[in-house]
Amino acid sequence: MLQSFFLIGKTGEVLIEKHWRDVTPRSVCDYFWDEVNKYESRDEMPPVVNTTKYYLVSIYREDMFFLGTTTVETNPLGVIEFLHRMFDTFENYFGEVCESNIKDNFSTVYQLLEEMMDFGY
């Protein structure tokens, strides 16, 4: 399902990076952020972006992008649903999901990510 996950803040900074299968280079986030900046509003960003090597699936909530990457064709709605559930889980644990809460609780975030997905499934 997913190869890697990135949590990107409102300035394009990568807050959290988790890899399950292979390591996706951070340059993918630069490409993604360039795509985001093409739109007037962050909400206009399409949820799926296809590059030559990766499929980038994202959601935008609370001024942050939850970005999942994969190299194989997968069900994009399944990935989108997982990303929303990831946000909901963070919200249950931390109350408000914001950059400062993510940074303050990064070890808990990594533990949750490890428990939520096993080898990308």
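**Helices around a five-stranded sheet**

A good place to start is helix 4, where Gln111 and Glu115 are exposed (exposed means over 50% relative accessible area, buried under 20%, and partly exposed in between, with a 1.4 Å probe and protein chains only). The structure is a predicted model, in which local features need pLDDT of at least 70 and side-chain atom pairs count only at pLDDT 80 or more, while totals for chains, interfaces and linings use all residues. Residues are numbered from 1 along each chain as its sequence is written, and side-chain values use heavy atoms, with hydrogens and water left out.

On the other side of helix 4 from Gln111 and Glu115, the residues Val109, Leu112 and Leu113 are buried. Seen down the axis of helix 4, these buried residues fall within an arc of 100 degrees, so they line one face of the helix (the arc is that of the directions from the helix axis to the C-beta atoms). They pack against strand 1, strand 2, helix 2 and helix 3 (99-104), where contact means heavy atoms within 4.5 Å. Helices (H or I, at least four residues) and strands (E, at least two) are DSSP runs, numbered from the N terminus.

The sheet itself comes next. It is open, with five strands in the order 2-1-5-4-3 and antiparallel pairing (two strands pair if DSSP finds at least two bridges between them). Strand 2 (14-19) and strand 3 (48-50) stand at the edges, each with a single partner strand, so one side of each has no neighbour in the sheet. From one strand to the next, the twist averages 20 degrees. Five bridges join strand 1 (residues 4-8) to strand 5 (residues 64-70) in the antiparallel sense, and phenylalanine 6 stands opposite leucine 67 in strand 5. Helix 2 (residues 76-94) packs on the sheet, touching strand 1, strand 3, strand 4 (55-61) and strand 5, and its direction makes about 40 degrees with that of strand 4. Axes are lines fitted to C-alpha atoms, for helices over the stretch in contact, and angles run from 0 to 180 degrees between N-to-C directions. Helix 4 (residues 106-116) also packs on the sheet, touching strand 1 and strand 2, with its direction at about 30 degrees to that of strand 2.

Helix 1 (residues 27-36) has Val28, Cys29, Phe32, Trp33, Glu35 and Val36 buried. Viewed down the axis of helix 1, its buried residues fall within an arc of 155 degrees, so they line one face of the helix. These residues pack against strand 1, strand 2, strand 3, strand 4 and strand 5. Within helix 1, glutamate 35 is buried with a relative accessible area of 14%. Not counting residues up to four places away in sequence, glutamate 35 touches Met45 and Val49.
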